[in-house]
Amino acid sequence: MPPWWSPEIFARKMPALAARQKITQAVRQYFAAQDFHEVTTPALQVSPGLEVHLHAFETAFNDPHGGAPRALYLHTSPEFTMKKLLAAGMPRLYQLAQVYRNNERSSLHHPEFTMLEWYRAHAGYRDLMEDCVALVRAAATVCGKTSLVHQDISCDPFADWEVLTLPEAFRRYCAIDLLATMPAPHTGDTERLRAEAARLEIRTAPDDDWDNIFFRILGERIEPHLGKDRPVFLTDYPVSQAALARPKPEEPRLAERFELYLCGVEIANAFGELTDPDEQRRRFAADMDAKEKLYGERYPLDEDFLAALAHMPPAAGIALGFDRLIMLCTGAAHIEDVLWAPVAG
C-alpha cells in the first residue's frame with residue numbers, strides 16, 4: 001500500500017482537511033465572541049492524568065545543571081494546568097490541545113489527537129450544554145451539513161437535543177433501577193447489579209466490581225441507542241465514574257457529569273468541577289490503587305495541582321474530541337482520514 005504522503009492518497013483527504021480548517025476557524029470565532037482566552041499549556045507534566053484505564057507516554061527530563069533525571073509524562077488532557085489557570089484568576093479559557101494516550105489506536109482512537117477543552121468559572125455543567133449545541137451547529141453549518149453521519153447512523157444537530165440521566169437510561173433500555181443496585185458504602189456488594197446483567201445475558205467475571213458491571217451494561221445495552229436522530233447529553237454519572245466532578249447536592253451518589261453522544265459516538269465529557277483538594281487526593285489515591293491492581297503501574301500525583309485546587313473558583317469544564325467532530329461533519333470512517341499526518345506505526 002502506498003504511504004500516506006503519496007499524492008494520490010493524500011488528495012483523498014483534502015476535502016476533510018479543508019473542513020477541519022473551517023471548523024477550527026468557527027471554534028475560535030465562537031469563543032472570541034464569548035470572551036474566552038485561548039491558552040497553550042505544556043504537554044510535559046509531572047502527572048499525565050490519573051484515570052484508571054488511560055495509559056501515558058513517559059519520558060525523562062535531563063537537568064542541564066546536573067540534577068538527576070526526572071520522569072515526566074505527555075499529558076492525556078490539559079486539565080490540570082488549565083485548572084491552575086482558573087486558580088490564577090482566568091474566568092474563561094479554552095485550548096485546542098494535542099494530547100497523548102498510549103495503547104490506543106482504532107477507527108475512533110489515535111495515540112496523538114486534538115482535544116478541545118474549555119472552562120467557565122462560576123458556572124455549572126449544564127451551562128456547557130449551551131456551548132456544545134452552538135459549537136456543533138456551527139461546525140455543521142460551515143461544512144454545509146444539515147445532518148451528521150457515522151457508520152450509516154445519522155443525527156440532526158438542529159433538532160432539539162435530549163438530556164437523559166443515567167438512572168433514566170438504565171430504566172428505559174434495561175429496566176434497571178440503577179440507584180437501588182448501588183452498594184452501601186464500604187461494602188462492595190455487586191450481587192444485585194450482577195443479577196441484572198445475567199438477566200440481560202451480559203457475561204461478568206467473578207472478580208468484576210460494581211463499576212466493571214456498570215460499564216458492560218452501559219456499553220452493550222445503552223450506548224448503541226444514544227445519539228441516533230438527535231444529539232443526547234447523558235448526565236448524572238455515579239460518583240465512582242467521575243473522579244474530578246463534584247457530587248450532586250440533591251443526590252450525592254451521583255456526580256455533576258455528562259457525556260455527549262452524536263451518531264452513536266461519545267464526543268465530549270463534562271464536569272461540574274470538584275474543588276475540594278482533600279477529597280480529590282482521596283479519589284486519586286483510590287484510582288491509582290485500582291490502576292496498580294489492574295495494570296501494575298501508577299502515576300504520581302501533581303501536588304502543585306492539589307495546592308491550586310484549594311484556590312480554584314467554582315467552575316465547569318469539558319473536553320471534546322475535536323477529530324471526532326470533524327469525522328462526523330465529513331462522514332469520515334477513520335480518524336486518520338481527518339488528520340494531517342498519522343503517528344508512525
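## Strand pairing in the predicted model

Two strands are taken to pair if DSSP finds at least two bridges between them. In this predicted model, the bridge partner of Phe-61 in strand S4 is Arg-70, and this match belongs to the pairing of strand S3 (residues 58-61) with S4, which run antiparallel and are joined by four bridges.

Strand S4, covering residues 70-74, also pairs with strand S2 (residues 44-45), again in the antiparallel sense, over two bridges. Within this pairing, Gln-45 stands opposite Tyr-73 of S4.

## The eight-stranded sheet

An open sheet of eight strands, with mixed pairing, follows the order S1-S5-S6-S15-S14-S13-S10-S9. Strand S1 (37-38) and strand S9 (162-165) stand at its edges, and because each has a single partner strand, one side of each is left without a neighbour in the sheet. Helix H4, made of residues 166-174, packs on the sheet, where it touches S9 and strand S10 (232-235), and the direction of H4 makes about 85° with that of S9.

Elsewhere in the order, strand S6 (residues 112-121) and strand S15 (residues 315-321) run antiparallel and are joined by seven bridges. In this pairing, Tyr-119 stands opposite Gly-317 of S15. As a general matter, the strands of a sheet pair through backbone hydrogen bonds, in either a parallel or an antiparallel arrangement.

## Packing of helices H1 and H3

Two packed helices are described by the angle between their axes together with the distance between those axes. For helix H1 (residues 7-33) and helix H3 (residues 127-142), the axes come within 9 Å and cross at roughly 145°, and the crossing of H1 and H3 is right-handed.

On the H1 side, the contact is made by Lys-22, Ile-23, Ala-26, Val-27, Tyr-30 and Phe-31, which meet Glu-130, Asp-131, Ala-134, Leu-135, Ala-138, Ala-139 and Val-142 of H3. Divided by residue class, the contact of H1 with H3 holds 10 nonpolar residues, no polar ones and three charged ones.

## The second largest pocket

The second largest pocket holds about 210 Å³ of space. Its lining consists of Met-1, Pro-2, Pro-3, Trp-4, Ile-9 and Lys-13, together with Glu-336, Asp-337 and Pro-342. The lining residues of the second largest pocket divide into six nonpolar, no polar and three charged.

Definitions and conventions
Residues are numbered from 1 along each chain as its sequence is written. This is a predicted model: local features need pLDDT of at least 70, side-chain atom pairs count only at pLDDT 80 or more; totals for chains, interfaces and linings use all residues. Side-chain values use heavy atoms; hydrogens and water are left out. Contact means heavy atoms within 4.5 Å. Axes are lines fitted to C-alpha atoms, for helices over the stretch in contact, and angles run from 0 to 180 degrees between N-to-C directions. A crossing is left-handed if the near helix is turned anticlockwise from the far one by less than a right angle, and right-handed if clockwise. Ala, Val, Leu, Ile, Met, Phe, Trp, Tyr, Cys and Pro count as nonpolar, Asp, Glu, Lys and Arg as charged, and the others, Gly among them, as polar. On a 1 Å grid over the protein atoms alone, a cavity is a set of points where a 1.4 Å probe fits but cannot get out, and a pocket is an open set with protein on both sides within 12 Å along at least five of seven lines; lining residues have an atom within 4 Å of a point. Grid points are joined across faces, edges and corners, and a volume is the space filled by probe spheres set on the points.
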